[in-house]
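Let's take a look at the empty spaces in this protein. The sequence and the model come first, and a short tour of a pocket and some cavities follows.

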Amino acid sequence: MRPVCAGIFWIALSTSLNASWDLGKDLNTSLNEHTHDQLQTVFEARSRYEYRPGQGFGTEPDLSAEFVRFRFGLRYKPVSWFRVTAVAMDARAPWYGTPAPSSARDPLDLHELQVEIRSESKLGFGANVGRQAVNLGDTRLIGSPQWAYVPRMYDGARVYWRGSRIRLEGLFLSPVKLIPGWNKPALSEHVVGTYNSVSLIKGATVELYDLHRRLNANVRNNSYGAHLFGPLPRAFRYNLEAILQTGHIGVLPHRANAWSLQLGKRLSVADKPIDLSVEYKYASGGSRADRSGTFDQLYPAAHDKLGHIDLLGWRNTRNWKALAVTNVTKSVTLNFMYDNTWLADRRDALYNLQGRPIARSASGTAGSHIGQEADIFGAYKRSGLTLGAGYGYFFIGEFVRRMTPGTSPHYAYVFQSYTF
């Protein structure tokens, strides 16, 4: 009962605060007035109660826990072209039971320390240096997932040049390792490369990137990708991304690929806006003894990419996804999601969200269907306050029934957050 009571307490507290005033907005407005737009505060209070029976299709213990996160800091801009941000974070999982993993618990630590140079300028050079959140494109390869209990951050630098229709960027990013005590840079694991975008005719944009992942001498993967998106006639839109990978993993040469295609349309039903989309995703798997062919998903913000329960990673998969999003009111959004997923290679493993194997049929005789997932979730937003809840159920397929304990995972949660 304690996690539920804590969640109700936070919801009640945030609702009462926002009912009368937006404390954070008022504070930053006052700071701006007294410091001539030089100083702002950064704050987040978030809690989420989750119930997750059937984790890993029965290979992991059921989970029922509360996850709480606080972030607080300052953003200082002494001149128009220079800004520095320093943010601390405290993330905990009270009543978890056994000691919570580092992905759910990071006591008071440095979350962000970033210097931005000419970040608000539309033309010319700019740079971001330090510990920072990074989200590239649709975040399929590089992202800072805010839904995670402890969002992934990066130590490094991004240097870019912006023209009227083009943006060129070079980057060096090292994911921050969560360790007991102070999280220190571990630059031996990093991604170095370029990420560029060009605005085309008729509202289209193409992003071209070249990302090289290095993990000591064992992993040296190169990802060459293109991301094309834009509008179509009659309120349709498209989103296409394709990636080729070379390099090596250990002593094996690495040759892999992945791609995704999404079509969407915005329409109105009974005077309510509804956004519909359907998407197909593929990520290669590998079964040859002389070559690695399993796609390396790098460091994605993977929430909702292959289902709302976040069971699966973008490795050795074929996935169909349908999503309907409707604005019930200006403040309330409701989402309906459906996923159907298969293995790309029957002899390769089924991988979880972090890219680790769950189960494998070396002979390839266990089938390829992983299963189907149905989700419903929604949120209420008012100023800096967000309240939400959701439920998901995974209907297991042949492969999961034969290669795991065969439990159908559920996911139920309520959450609140207040940010400024």
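In this predicted model, the second largest pocket has a volume of about 500 Å³. Its lining is made up of 22 residues, and those nearest the centre of the pocket are Thr139, His303, Asp304, Lys305 and Lys321. If you want to find the pocket by secondary structure, look to strand 11 (236–249), strand 14 (272–283) and strand 15 (317–327), each of which supplies at least two lining residues. Sorted by class, the lining of this pocket holds 8 charged, 7 polar and 7 nonpolar residues.

Now for the enclosed spaces. Searching the whole structure turns up 4 cavities of 30 Å³ or more. The largest cavity has a volume of about 90 Å³, and the second largest cavity holds about 60 Å³.

Around the largest cavity you will find Thr139, Arg140, Lys281, Gln297, Pro300, Ala302, Lys305, Leu306, Leu312, Gly313, Trp314 and Leu353. The second largest cavity is lined by the run of residues Leu136, Gly137, Asp138, Thr139, Arg140, Leu141 and Ile142, together with Tyr195, Tyr209, Leu211 and Glu241. Thr139 and Arg140 thus appear in the linings of both cavities, and Thr139 is also among the residues nearest the centre of the second largest pocket.

Here are the linings by class:

| Space | Nonpolar | Polar | Charged |
|---|---|---|---|
| Second largest pocket | 7 residues | 7 residues | 8 residues |
| Largest cavity | 6 residues | 3 residues | 3 residues |
| Second largest cavity | 6 residues | 2 residues | 3 residues |

Conventions:
Residues numbered from 1 in each chain as written. Predicted model: local features only at pLDDT ≥ 70, side-chain atom pairs only at ≥ 80, totals over all residues. Heavy atoms only, no water. 1 Å grid on protein atoms, 1.4 Å probe; cavity = no way out; pocket = protein on both sides within 12 Å on 5 of 7 lines; lining within 4 Å. Points joined across faces, edges and corners; volume = space filled by probe spheres on them. Helix = DSSP H or I, 4+ residues; strand = E, 2+ residues; numbered from the N terminus. Nonpolar A, V, L, I, M, F, W, Y, C, P; charged D, E, K, R; others polar.
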